[in-house]
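Work through the exercises below with the sequence and the model at hand, and try each task before reading its solution.

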Amino acid sequence: MDKPQREQWQSKRGFLLAALGSAVGLGNVWRFSYVAGENGGGAFLLVYLFIVLLVGVPLLLGEFALGRRMQSESATAVARLVPSSRWRHAGLIGIVAAGLILAYYAVIAGWVFRYAALYLTGAAPDLASGSHAAAFEAYIASPLQPLAWQLLGMALTTAIIAQGVEKGIEKVSLVLMPVLALLLIGLAVHSATLPGFDRGLAFLFQPDWAVLATPGVYLAALGQAFFSIGLAMGVMVTYGSYQPATRPLPGAAVTIVLGDTLFAITAGLVIFPAVFSFGLDPAQGAGLAFIVLPEVFGQMAGGGLVGAAFFLLLSIAALTSMVSLLEVVVAHAMQRWGWSRKRASWSIGGALFALGIPASLGFGLWAGLPLPDGRTILDVMDFIAADLLLPLNGVLLAVLLGWLWPRHEALQAADLHGGGRLGRAWHFSLRYLVPLLVGVVLLGSLAPLVG
Ligand code: TRP
C-alpha cells in the first residue's frame, strides 16, 4: 500500500500534554465546581475518585489501545474491530456526540473568552455587589456579541486543527499546557492566603456521609468523570492512533486521569475559598464561574489581576478541549471521504459553528421556546450528548473492547500481556464494571424521559 504515513505525535511529552489538554477543560473548572457544589462537596469527591480509578482509567486505556492498534480514527477503529457484525457502525455515535458537544461547548467557551478579554484589558465593569447575575444574563441574552466570541473560538480551534497533529495540536499543547499549570499553581497559592481557605478546604474534603445515600450523587459523579476525562467520544481512540507502538500506554492512562483529577481538585481549591471568603453560596449551579466569581473578584484586593489569571486559565483549558473534539470529527471526515485536512477542518468547523448558533440564541432571542422543565436549547443539546449519547457509547465501547475483542489481543494492544493481575483487573473492569455502572447511569438519564 502506498498510503502516506499516518500523522504521529513527535514526542511522548507531546502526546501526554495533548491528551491532558483534551481532558482538562471547562469540565474541570466550571462544571466540576458546580457539580461538586450541588452534590455535597467532600462526599462527592470520594465517590468521584473511586469512579475515575475503577471506570475512568480502564476505559481510557481501552480507547488508547484500540486507536493505536487499529491505526485509524475512532469510527473506523471500531469498524475494524468487528468488521462483519452490525456493531461496526457503533463508532459513529461518538463522532456525532463529539460534534454536538463542540457546538455548544463553543458557546460557553465564547463567554469565557469575553470575560478573559474584559479582565485582561482592565475593562471589567465595576458592578455593585449583587448585580453580577443581571449583567451576565443581559450579556448572554444579547444576540450578536456572544456569537462573535463563539465564532472567534471556533475559528482559532479550526486553524489549529487545519495545521495537523504535530504542527497544530502537539505544538499548541506543548506551549499552552505549561502556562495552564503555572496559572493554576499561582491562583492556588493566592487562594491559600484568603480568609475562607479553611472553609473551602473543609467543603471540598470533609465528607458529609448522608449524601452517599442519594443515588443522584453516583450518577453525577459518573457523568462528570466521563465528561472531564473526555471518554466515550472516540477522542482518545483518535489520539491513541497517532501514538507510535513503542510507547507503553498504561502509565499514560493513569497519568492523564490523575492529572485531570488533580487539576479539578486544585481548581476547587481556587474557587471555593474565594466563594466562602466573601460569604457567597457554592451551590449556585452553572453560574458559579460567571456570576459568583466576578462578584468575588470585584470585592477582592487585586481582584482584577486574579480575575484575568482565572479567565485566561479557563480560556486555555477550553481551547485545547475544543481542539480535541474537532479533531475526532475531522479525522473521521478525512478517512471517510478522503478529504484533505484543510478542507475537512474548515467545512466541519464552519458547520459546527452553525449548529451552535441556536444554543447561543437560546439565551436571548429564542429563549421563549417551550422546552421541558424550562431548559434552554443548550441544556437540551447537553442532555442529548452528555447524558444520553455519552453513556450509551460508553457501554457500547466497553462491550466491544471487553467482549468482542479477543482477550489476548486486547491485552497485547494495551501493553498488558504478561501483566498478570493488572491485566486481569483491566479486563474485568471493561467486561463487567464499566458496562454495569455506565448502564445504570444511562437508565438514570432515561428515567425522566419515560416519566
Ligand atoms: N474533557 C473536556 C472538559 O473537561 C471536554 C471534552 C473534551 C470532552 N473532549 C471530550 C468531553 C470528549 C466528552 C468527550 O471540559
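**Exercise 1.** Find which polar atoms of the protein lie by the ligand, counting as a polar contact a pair of N or O atoms within 3.5 Å.

*Solution.* Begin with Ser324, where a polar side-chain atom lies 3.4 Å from a nitrogen atom of the ligand. Next take Tyr105, which places a polar side-chain atom 2.6 Å from an oxygen atom of the ligand. Then turn to Ala23, whose contact uses a backbone N or O atom, 3.0 Å from a nitrogen atom of the ligand. This is a predicted model, in which local features need pLDDT of at least 70 and side-chain atom pairs count only at pLDDT 80 or more, whereas totals for chains, interfaces and linings use all residues. Residues are numbered from 1 along each chain as its sequence is written, and side-chain values use heavy atoms, with hydrogens and water left out.

**Exercise 2.** Describe the shell around the ligand, where a residue is near if one of its heavy atoms lies within 4 Å.

*Solution.* First count the residues: 18 surround the ligand, and Ala23, Gly27, Tyr105, Phe227 and Met233 are the closest. Then sort them by class, which gives 10 nonpolar residues, 8 polar ones, Gly being counted as polar, and no charged ones.

**Exercise 3.** Determine how many salt bridges there are, each being a side-chain nitrogen of Lys or Arg within 4 Å of a carboxyl oxygen of Asp or Glu, and examine the one formed by Glu7.

*Solution.* The count comes to 3 salt bridges. In one of them, Glu7 pairs with Arg341, and their closest N and O atoms are 2.9 Å apart. This pair links distant parts of the chain, 334 residues apart, since Glu7 is in the segment before α1 and Arg341 is in helix α15 (residues 341-361), helices being DSSP runs (H or I) of at least four residues, numbered from the N terminus.

Definitions and conventions
A polar contact is a pair of N or O atoms within 3.5 Å; within protein, one must be able to donate a hydrogen and the other to accept it, and residues adjacent in sequence count only if both atoms are side-chain atoms. Helices (H or I, at least four residues) and strands (E, at least two) are DSSP runs, numbered from the N terminus.
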